[in-house]
Amino acid sequence: MSEPKLFQHAQGKLAYHEFGSGSEVLVLLHGGGPGAGGLSNYRRNVDTLGAEYRLIVPDFPGFGDSDPIDMSGGVFASFAGVIVELLDHLGIAKAHYVGNSLGGAVSLKTALDHGDRVDKLILMGAAGGKQILTPALSEGLKHLFGYYRGPGPSLEKLRVFLSTMVHDVTALTPELIEERYRVSTDPRQIAHNPFGQDPMPVIEELWREPLARVTHKTLMIWGRDDRTIPLDSALIYLAQLPDAELHVFSNCGHWAQWEKAPEFNRLVSEFLTR
């Protein structure tokens with residue numbers, strides 16, 4: 001994979017990769033776990049989707065090679081604003097958004113705050129909802145919020161966290177674990193990861209916002225066995241979003257794009273070309 005490109009904005013630099021050259025643009029937004037980044041989350045998808053679309057795959061502020069930013073306006077709103085700035089820089093007026101977990105919440109917040117910049121939405125295990133059947137702080141979120149606390153990061157803590165991301169732990173390759181641990185223990189990551197801050201910045205409850213305004217066609221994808229943002233979180237979004245549908249993979253955790261990559265890639269392409 002190539003080195004990331006860098007976009008200089010008012011608060012620092014934002015790293016991103018580009019793939020493909022299609023007429024339609026797909027923005028792929030990653031999750032918020034330790035060591036996360038755009039390519040780390042979407043490595044199994046960029047070749048296939050890049051054959052049909054122009055892909056923009058950023059590292060969120062404070063992740064990967066991107067500088068941290070002020071998040072006093074809320075994590076999702078702040079990140080959405082920077083992604084729109086990136087698209088302005090690239091001359092992209094409108095794009096489809098694909099977001100996993102944190103990225104799903106940022107995609108949805110972009111549709112709320114910058115609706116004219118969004119075409120279709122694909123939300124995977126999107127954060128910002130409300131669990132109505134399962135305990136509010138899931139197993140995966142406990143490990144995520146605890147990774148940088150106490151004695152700090154360790155390889156064992158990362159292994160435990162990643163095991164909550166997938167249904168089948170054999171999907172966690174040694175290369176993935178090594179890469180995520182290396183990135184998560186970078187001093188800048190330790191200092192600036194949003195979910196390692198004390199106190200943490202505001203994490204918006206998007207289910208309380210006027211989601212009826214989000215009239216964009218929306219595909220929600222969930223793993224039945226998601227232990228981070230459980231499946232019941234999808235139900236309140238499904239009830240509130242005017243034009244949404246839900247696809248559930250069995251034997252799949254929080255990383256549908258990783259565990260079910262071929263099926264996920266086909267599902268995304270079919271939804272976008274209907």
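# Notebook: helix pairs, odd residues and pockets

I began with two helices: the axes of helix H3 (residues 75–90) and helix H4 come within 8 Å and cross at roughly 75°. Angles from 65 to 115 degrees count as roughly perpendicular, so H3 is roughly perpendicular to H4. I kept in mind that this is a predicted model.

Next I looked up who makes that contact. From H3 come Val75, Phe76, Ala77, Phe79, Ala80 and Val84, and from H4 come Leu102, Ala105, Val106, Lys109, Thr110 and Asp113. Sorting the residues of this contact by class, I noted 9 nonpolar, 1 polar and 2 charged.

Just ahead of H4 I stopped at serine 101, which sits in the loop between strand E5 (95–100) and helix H4 (102–113). Its phi is near 60°, a positive value in a residue other than glycine.

I then turned to H5 and helix H6 (residues 155–163). Their axes are 9 Å apart, and the two pack at an angle of about 150°. Angles over 145 degrees count as roughly antiparallel, and H5 and H6 are therefore roughly antiparallel to each other. I noted the crossing of H5 and H6 as left-handed. On the H5 side the contact uses Gly140, His143, Leu144 and Gly146, and on the H6 side Lys157, Val160 and Phe161. The classes here are 3 nonpolar, 3 polar and 1 charged.

H6 has another partner in my notes. H6 and H7 pack with their axes 10 Å apart, at an angle of about 120°. That makes H6 oblique to H7. The crossing of H6 and H7 is right-handed. I wrote down Leu155, Leu158, Arg159, Phe161 and Leu162 of H6, which meet Ile177, Arg180 and Tyr181 of H7. This contact of H6 with H7 has 6 nonpolar residues, 2 charged and no polar ones. Phe161 caught my eye, since Phe161 is listed in the contact with H5 and also in the contact with H7.

Further along the chain I checked a peptide bond. The bond that joins aspartate 198 and proline 199 is cis, with omega about 0°. Proline 199 belongs to the loop between H8 and strand E7 (218–223).

Then came the pockets. How much space lies in the largest pocket? I noted about 600 Å³. Its lining takes in 34 residues, and Ala127, Gly128, Leu141, Ile203 and Ile229 lie nearest the centre. Which helix gives the most to that lining? I found H5 (residues 139–146), with 3 residues. So H5 turns up again in these notes, having appeared earlier in the pairing with H6. By class, the lining of the largest pocket is 18 nonpolar, 12 polar and 4 charged.

The second largest pocket holds about 510 Å³ of space. I counted off its 25 lining residues in the list, with Gly64, Asp65, Glu179, Arg182 and Val183 nearest the centre. Helix H1 (38–42), helix H7 (174–184) and helix H8 (187–192) each supply at least two residues of this lining. The lining of the second largest pocket divides into 6 nonpolar, 11 polar and 8 charged residues.

One last jotting for anyone new here: H7 is worth finding on screen, as H7 packs with H6 and also supplies residues to the lining of the second largest pocket.

How values were computed: Residues numbered from 1 in each chain as written. Predicted model: local features only at pLDDT ≥ 70, side-chain atom pairs only at ≥ 80, totals over all residues. Heavy atoms only, no water. 1 Å grid on protein atoms, 1.4 Å probe; cavity = no way out; pocket = protein on both sides within 12 Å on 5 of 7 lines; lining within 4 Å. Points joined across faces, edges and corners; volume = space filled by probe spheres on them. Helix = DSSP H or I, 4+ residues; strand = E, 2+ residues; numbered from the N terminus. Nonpolar A, V, L, I, M, F, W, Y, C, P; charged D, E, K, R; others polar. Axes fitted to C-alpha atoms, helices over the stretch in contact; angles between N-to-C directions. Parallel < 35°, antiparallel > 145°, perpendicular 65-115°, else oblique. Left-handed = near helix turned anticlockwise from the far one by under 90°. Contact = heavy atoms within 4.5 Å.
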